[in-house]
Amino acid sequence: MKKWIASIAVLALILSGCTQQSSDEEEIVQDDAEQEETSIVPSNRLSGDNYRMILPYKPSEARGVITRQVANRVDIDEMEEGLRRLSKDSYNPEDYYFQEGQYFDSSRVTDWIDQLNPEVEKGSDEKTFRENPRYLTHILEQNYLKSEEGGNANLEGISIGLAMKSVYEFQTDTGEPTQYEDISESEMMEKATEIAQNIVNDIRENDEELSDIPIMIAVYREAEQSSPVPGNFVAKTNVAAGSNSVDGWDNVEEENILFPSDEGQEKYYDDQERVTNFGNEIRKFFPNYVGMVGEGFYIEGELQKLRINVPIEFYGKGEIIGFTQYVDGLIDDIFPNYYDIEINITSSQKTESLLYRDAGEEDIQVHIYD
């Protein structure tokens, strides 16, 4: 009980610390085509491997397109976070600031998507649709800036994420049943290469301010629309400053695994057994428990983060507190601390509590929502 209360106190201090304004904030000046703008860069990052972000925060010029194009919400979050994660290999967070994409607006992104996908007229036969799937779903832009002496911040790198389908859904005509065409990863990568080259050519020819900016491109393979876990990035490449050549791809060994599942059992037996054991222990003492969904994120076969959602019906605040205490103890007993773990306890109304522990830490942080 003492450890649990202390954990809440530590979390409160961390959260309050994140909201305090630092006296060491850095002012930078950004140039754009119309005016100079003074911005603030907070001196602190939430962790050492995060980018500092420029304030006031500027949403992407193509904001909203991704929610119209990518059908699965879990893919949207994973693509945005994953592209920033992969960008660290090209743009070190110690040296670069992050900003959402400011160069390609909604119209430009939508035009690219339409132009770079096969055009099939509504009413075409099934064979035509299957032979001409829309491979490309979305194009995500992120910007990476550096400051110089005197406080000027300049764009020094762009990252572009290509969201590609693993399954093509289509209707031959309005009112006809939805049909599905699987797209192999090799076929997807062949098309991604063509798409990436066309985008780079267009940028170098038509965006003078980007003619000498490095571009990192990463290919994201979407999950099926109904999947409870997201897809993953499968490849990336760097286009040097001034170059317009997409020369091959480096494999990205990342995957998101559902627990429990046949795939989890086959690939990561020990991790699945821990998640299953965790659920069995809950079931022994809480009759309102109805199951859970776990998601493991792996890089090169090593578990980096385990996220578990536990839905349960509660009849009072005391029950929520007691259940959270019980889960706190199970984390210590079942899960090793060499990866991040996050457990969300939910009811039909809302998230009731959150428990998490960062890799390498001993203490579990706990928050119970009002």
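Is Lys305 buried or partly exposed? In this predicted model, Lys305 is partly exposed, with a relative accessible area of 26%. Its salt-bridge partner is Glu342, and the closest N and O atoms of the two are 3.2 Å apart. Glu342 sits in strand 15 (residues 340–346) and Lys305 in strand 14 (residues 302–311), so this pair links distant parts of the chain, 37 residues apart. Glu342, at a relative accessible area of 18%, is buried, because buried means under 20%. Both residues also belong to a network of salt bridges that includes Glu295 and Arg307.

The structure holds 18 salt bridges in total. Another one joins the side chains of Arg130 and Glu181, at 2.7 Å from N to O. Since Arg130 lies in helix 5 (residues 126–131) and Glu181 in strand 8 (residues 179–182), the pair ties together parts that are 51 residues apart in sequence. A more local case is found in helix 7 (residues 262–267), where Glu263 and Lys267 are 4 residues apart, or about one helical turn; their closest N and O atoms lie 3.2 Å from each other.

Turning to the interior, the largest nonpolar core has 36 residues, and Ile139, Ile160, Leu162, Met164 and Ile199 have the most contacts inside it. Several elements supply at least two residues each, among them strand 5 (136–147) and strand 6 (152–164). Helix 6 gives the most, with 8 residues.

On the surface, Asp358, Glu361, Glu362 and Asp363 form a negative patch. Glu361 belongs to the loop between strand 16 (351–357) and strand 17 (365–368), and is partly exposed at 44% relative accessible area.

Conventions
Residues are numbered from 1 along each chain as its sequence is written. This is a predicted model: local features need pLDDT of at least 70, side-chain atom pairs count only at pLDDT 80 or more; totals for chains, interfaces and linings use all residues. Side-chain values use heavy atoms; hydrogens and water are left out. Patches are made of residues with over 30% relative accessible area and no salt bridge: like charges are joined within 9 Å, nonpolar side chains (Val, Leu, Ile, Met, Phe, Trp, Tyr) within 5 Å. Accessible areas come from the Shrake-Rupley method with a 1.4 Å probe; for residues, only the protein chains shown count as cover. A salt bridge is a side-chain nitrogen of Lys or Arg within 4 Å of a carboxyl oxygen of Asp or Glu. Lys and Arg count as positive and Asp and Glu as negative; His and the chain ends are not counted. The place of a charge is taken as NZ of Lys, CZ of Arg, CG of Asp or CD of Glu. Buried means under 20% relative accessible area, exposed over 50%, partly exposed in between (1.4 Å probe, protein chains only). A nonpolar core is a set of buried Ala, Val, Leu, Ile, Met, Phe, Trp, Tyr and Cys residues joined through side-chain atoms within 4.5 Å.
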